[in-house]
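The exercises below are meant to be worked with the sequence and the three-dimensional model open side by side. Try each task before reading its solution.

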Amino acid sequence: MEKKDIKELIEEFEQDMVDKEVKQVAEGGTNEVTPLETKQMEQALTRASDIFKPEVSCVFAFLHLRIPLDLIHIVTRVRGAEYNPKRFHAVVLRIREPKATAIIYASGKLVCMGARNEKAANLACRKFVRILQKVGYSEAKFAPTKAEPLIRNVMAKVKVPFPIRLEDLAVAHRDFVSFEPEIFPGLIYRMASPRVTIFVFVTGTVLVVGAKNRNQVYLAFDSIFPVLVEFKKVPEEESHTSSNISAPVTGGNNTELDPSTDARAESSGGPDQVEVFDEDEEDEEDAE
């Protein structure tokens, strides 16, 4: 299915939903979505990742060298290596091309982070292993296995072109969602299959974390996109909400008067008439 066809299906489905809702409201009925309409929506949105392509921003790789390492030996022989055992019991090593950072533990485990894609992560791990070989660890080898794959975490980012009602989404999917706006502005959606974590922000930005590869990223976004469409914030709702807010009174005498105040105002000739007492007249009356 081409991108143009998917966009047309989405627009047609949304327009049909709007027309049906208007018709049902006019007839006094309900606006519940039937199973057939749900199936149509799923068919229209099966490949959302083809329209809004998730962009991989960071890849985490893991490698087990299976040999013990002397961290002090490494930090004294590798230029640019950092090691502060009081703060962190691992050597931090950085390379420029590809831009990546390695955390090397004494047990022989190596964690590579900061690579932009899987190819860069693979090349960076090979370079880190080569550096260790040059400082005396010739037994260190780049040998990921099927049980311990190299790529462990793929982070991707995608922007959908509409804002999202996070509060309503959190209520409807409370079993999978964690949303505490006082602590973190984003909504955390923990998906069961594929097993990933999705961060959703009100602006439409979506972060996919914890995927093992790109296919899981695309599958997760394709699964969450119908939910985002269901809870998207419509501009008409914002304008309707703002019109219902009463504007502050800037002029005129609109203060609601107490009934007793009205009675006193009528007897004295109106609410705007105020009785003025002259101190000189009071002194003359006292003198007489």
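**Exercise 1. Find the helix in which Leu 71 lies, decide whether Leu 71 is buried or exposed, and list what surrounds it.**

Solution. Begin with the position: Leu 71 lies in helix H3, where helices (H or I, at least four residues) and strands (E, at least two) are DSSP runs numbered from the N terminus. This is a predicted model, in which local features need pLDDT of at least 70 and side-chain atom pairs count only at pLDDT 80 or more, while totals for chains, interfaces and linings use all residues. Residues are numbered from 1 along each chain as its sequence is written, and side-chain values use heavy atoms, with hydrogens and water left out.

Next, take the accessibility: Leu 71 has a relative accessible area of 6% and is therefore buried, a term that means under 20% relative accessible area, with exposed meaning over 50% and partly exposed in between (1.4 Å probe, protein chains only). Then look for its contacts, that is, heavy atoms within 4.5 Å. Leaving aside neighbours within four places in sequence, Leu 71 is in contact with Tyr 83, His 89, Ala 90, Val 91, Ile 104, Tyr 105 and Ala 106. One of these, Tyr 83, is twelve residues from Leu 71 in sequence and 7.7 Å from it in space, C-alpha to C-alpha.

**Exercise 2. Starting from strand E2, trace how E2, E3 and E4 are connected.**

Solution. First, strand E2 (residues 82-84) pairs with strand E3 (residues 88-95) in the antiparallel sense over two bridges; two strands pair if DSSP finds at least two bridges between them. Asn 84 has Phe 88 in E3 as its bridge partner, and three residues lie between the two strands of this hairpin.

Second, E3 pairs with strand E4 (residues 100-104), again in the antiparallel sense, over five bridges, and here Ile 95 is matched with Ala 100 in E4. The hairpin that joins E3 to E4 runs through four residues. Third, inspect that connection for unusual geometry: Pro 98 is found in the loop between E3 and E4, and the peptide bond from Glu 97 to Pro 98 is cis, with omega near -5°.

**Exercise 3. Give the order of the strands in the open sheet, and explain why E2 and strand E7 each have one side without a neighbour.**

Solution. The ten strands follow the order E2-E3-E4-E5-E1-E6-E10-E9-E8-E7, with antiparallel pairing. Because E2 and strand E7 (177-178) stand at the edges, each with a single partner strand, one side of each is left without a neighbour in the sheet.

Further along the order, strand E6 (residues 151-159) runs antiparallel to strand E10 (residues 205-211), and five bridges join them; Val 158 has Val 206 in E10 as its bridge partner.

**Exercise 4. Describe how helix H4 packs on the sheet, and name its buried residues.**

Solution. Helix H4 (residues 118-134) touches strand E1 (55-64), E3, E4, strand E5 (109-115) and E6, and its direction makes about 135° with that of E5; axes are lines fitted to C-alpha atoms, for helices over the stretch in contact, and angles run from 0 to 180 degrees between N-to-C directions.

The buried residues of H4 are Ala 120, Ala 121, Ala 124, Cys 125, Phe 128, Val 129 and Leu 132. What covers them includes E1, helix H3 (71-77), E3, E4, E5 and E6.

**Exercise 5. Which residues of the largest nonpolar core touch the most other members, and which helix gives the most to this core?**

Solution. A nonpolar core is a set of buried Ala, Val, Leu, Ile, Met, Phe, Trp, Tyr and Cys residues joined through side-chain atoms within 4.5 Å. Of the 66 residues in the largest such core, those that touch the most other members are Phe 128, Ile 164, Leu 169, Leu 187, Ile 198 and Leu 228. Helix H6 (residues 214-230) gives the most to this core, with nine residues.

As a last step, examine Leu 228: not counting residues up to four places away in sequence, Leu 228 touches Val 160, Phe 162, Ile 164, Leu 169, Val 200 and Val 206.
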